[in-house]
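Let us walk through this structure step by step, beginning with its charged side chains and ending with its nonpolar interior.

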Amino acid sequence: MDNACDDALAACLTDPTPARLRVLTGFGPAAYRRVTSIYYGRTPIPKPVSAAIRQRHSMEIHDAWSVIVAAVALAHPDLFVADVAQMPRVGSLEVAVVGRIDRPEVRGLLEHWTDDSDELVREHARAALEPG
């Protein structure tokens with residue numbers, strides 16, 4: 001399954017269209033685990049993913065990863081919230097995605113992040129806590 005999931009991830013890195021994201025998230029929790037383990041550096045980057053990364057400008061890859069991580073996280077919010085709650089540091093991507101998840105434990109995380117040293121993290125946390 002990793003090979004097929006890696007191919008779907010590579011396709012998304014090349015062009016993260018809704019159709020390609022549906023194929024990737026269609027692998028279920030395995031896709032979440034595979035994507036996040038590669039993105040967060042817990043797994044070496046597989047060849048098809050590495051090849052896709054080399055084909056694009058670094059900013060395009062950064063944007064594609066953000067879309068992909070958000071897609072798998074929102075497809076498996078319980079897994080993502082549990083993982084993020086264990087991270088010693090989060091970035092604006094994690095806070096922005098968590099802010100879109102409707103779970104009771106999310107409010108506590110967002111409130112904690114309003115005191116983060118990173119201004120963008122604080123701003124995303126505050127925005128997610130605002131009603132509306």
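A salt bridge is counted here when a side-chain nitrogen of Lys or Arg lies within 4 Å of a carboxyl oxygen of Asp or Glu. In this predicted model, that rule gives a count of six salt bridges, and among the residues involved, Asp2, Asp6 and Arg34 are linked in a network.

The network can be followed one pair at a time. The side chains of Asp2 and Arg34 meet with N and O 3.6 Å apart; because Asp2 lies in helix α1 (residues 2-14) and Arg34 in helix α3 (residues 29-39), this pair ties together parts that are 32 residues apart in sequence. Arg34 also forms a salt bridge with Asp6, at 2.7 Å from N to O, and since Asp6 belongs to helix α1 while Arg34 belongs to helix α3, the pair ties together parts 28 residues apart in sequence. Both Arg34 and Asp6 are buried, whereas Asp2 is partly exposed, with a relative accessible area of 42%.

Another salt bridge joins Arg107 and Glu111, whose closest N and O atoms are 3.1 Å apart. These two residues are four apart in helix α8 (residues 104-113), so about one helical turn separates them. Arg107 is partly exposed at 48% relative accessibility, and Glu111 is partly exposed at 39%.

We turn now to the interior. In soluble globular proteins, nonpolar side chains tend to be buried together. Here the largest nonpolar core has 38 residues, and those with the most contacts inside it are Leu9, Leu13, Leu24, Trp65, Phe80 and Trp113. Helix α5 (residues 58-75) supplies the largest share of this core, nine residues. Leu24 touches residues including Cys5, Leu9, Val35 and Ile68.

Note on methods:
Residues numbered from 1 in each chain as written. Predicted model: local features only at pLDDT ≥ 70, side-chain atom pairs only at ≥ 80, totals over all residues. Heavy atoms only, no water. Core = buried A, V, L, I, M, F, W, Y, C linked by side-chain atoms within 4.5 Å. Buried < 20%, exposed > 50% of the residue type's maximum accessible area, 1.4 Å probe, protein only. Contact = heavy atoms within 4.5 Å. Lists of a residue's contacts leave out its neighbours within four places in sequence.
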